[in-house]
Amino acid sequence: GTDRFNADSDGDHLNDGTEVAFGSDPSEASSVVLDGVVDGRSVELTGTVKFRSLSIVNGASISHPPLKHTLFGHYSLNLEISENLLVDATSRLDVSGKGYPSGRTLGYMPGSEGGHGGSYGGLGASISNVEGGPAEVYGDFKNPIRHGSGGGGGRPGGGVISINAKNLILDGSLLANAHEVD
């Protein structure tokens, strides 16, 4: 089937999900948004998203969909902003819990077991008196470009976000943590 996040009905190199999220018509190439504002709401985007400027304000958040083991499921977010990216103090770019599901690691292979933490760029937490262990270390903590592995016990790993902006005004949060168990 067609992936609703990555489809590009009008061929303008901006995926339909992004155009709808910013109030554009995905069937008309002339409707590309050059300046974006996410005001007080949560938006899921994926792939490379280009804007002249982007403001995330009034408790808003931007994320990408959770990683899924499907043909279309390797979601990440690459923001290319030619001028200003603003995240106000009440808002966030947050891909926490959007990485590998619990117990899975790089390549969707089995990973951390029990209550052990996921690994990426360093070994996940190990809990004494619990069988199994954390997943193998992979990736580079100085250049995080892959999804985080899921910890055991129901905790998915962090997602992937890349930002290339002329100016970043980050008064809010930029997060890619494992999801906490409630």
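What is the volume of the largest pocket? I looked this up first and found about 370 Å³. I note at the outset that the model is predicted.

**Entry: the pocket**

I then listed the lining of the largest pocket, which consists of 19 residues. Y120, G148, G158, A176 and N177 lie nearest the pocket centre. Sorted by class, the lining comprises eleven polar, six nonpolar and two charged residues.

**Entry: the sheet**

I traced an open sheet of four strands and recorded the order β2-β5-β7-β11, with parallel pairing. Which strands form the edges? I identified β2 (42–44) and β11 (173–175), each of which pairs on one side only. On average, neighbouring strands of this sheet are turned by 15° against each other, direction ignored.

I examined one pairing further. Strand β7, residues 92–94, pairs with β11 in the parallel sense over three bridges. Within this pairing, I found L174 of β11 to be the bridge partner of L93. As background, I note that strands of a sheet pair through backbone hydrogen bonds, either parallel or antiparallel.

**Entry: salt bridges**

How many salt bridges does the structure hold? I found five, and I looked up three pairs, as follows.

I began with R52 and D35, whose side chains meet in a salt bridge at 2.5 Å, N to O. R52 is in the loop between β3 (47–51) and β4 (53–57), and D35 is in strand β1 (residues 35–39), so the pair ties together parts that are 17 residues apart in sequence. I recorded R52 as partly exposed, at 38% relative accessibility, and D35 as partly exposed, at 37%.

I turned next to K98 and E44, whose side chains meet in a salt bridge at 3.1 Å, N to O. This pair links distant parts of the chain, 54 residues apart: K98 is in the loop between β7 and β8 (104–105), and E44 is in strand β2. Is K98 buried or exposed? At 17% relative accessibility, K98 counts as buried, because the cut-off for buried is under 20%. E44 has a relative accessible area of 31% and is partly exposed. I note that E44 belongs to β2, one of the edge strands of the sheet.

I closed with E80 and K50, whose closest N and O atoms are 3.9 Å apart in a salt bridge. E80 lies in strand β6 (residues 77–87) and K50 in strand β3, so the pair ties together parts that are 30 residues apart in sequence. I recorded E80 as partly exposed, at 27% relative accessibility, whereas K50 is exposed, with a relative accessible area of 51%.

Conventions: Residues are numbered from 1 along each chain as its sequence is written. This is a predicted model: local features need pLDDT of at least 70, side-chain atom pairs count only at pLDDT 80 or more; totals for chains, interfaces and linings use all residues. Side-chain values use heavy atoms; hydrogens and water are left out. Two strands pair if DSSP finds at least two bridges between them. Helices (H or I, at least four residues) and strands (E, at least two) are DSSP runs, numbered from the N terminus. Axes are lines fitted to C-alpha atoms, for helices over the stretch in contact, and angles run from 0 to 180 degrees between N-to-C directions. On a 1 Å grid over the protein atoms alone, a cavity is a set of points where a 1.4 Å probe fits but cannot get out, and a pocket is an open set with protein on both sides within 12 Å along at least five of seven lines; lining residues have an atom within 4 Å of a point. Grid points are joined across faces, edges and corners, and a volume is the space filled by probe spheres set on the points. Ala, Val, Leu, Ile, Met, Phe, Trp, Tyr, Cys and Pro count as nonpolar, Asp, Glu, Lys and Arg as charged, and the others, Gly among them, as polar. A salt bridge is a side-chain nitrogen of Lys or Arg within 4 Å of a carboxyl oxygen of Asp or Glu. Buried means under 20% relative accessible area, exposed over 50%, partly exposed in between (1.4 Å probe, protein chains only).
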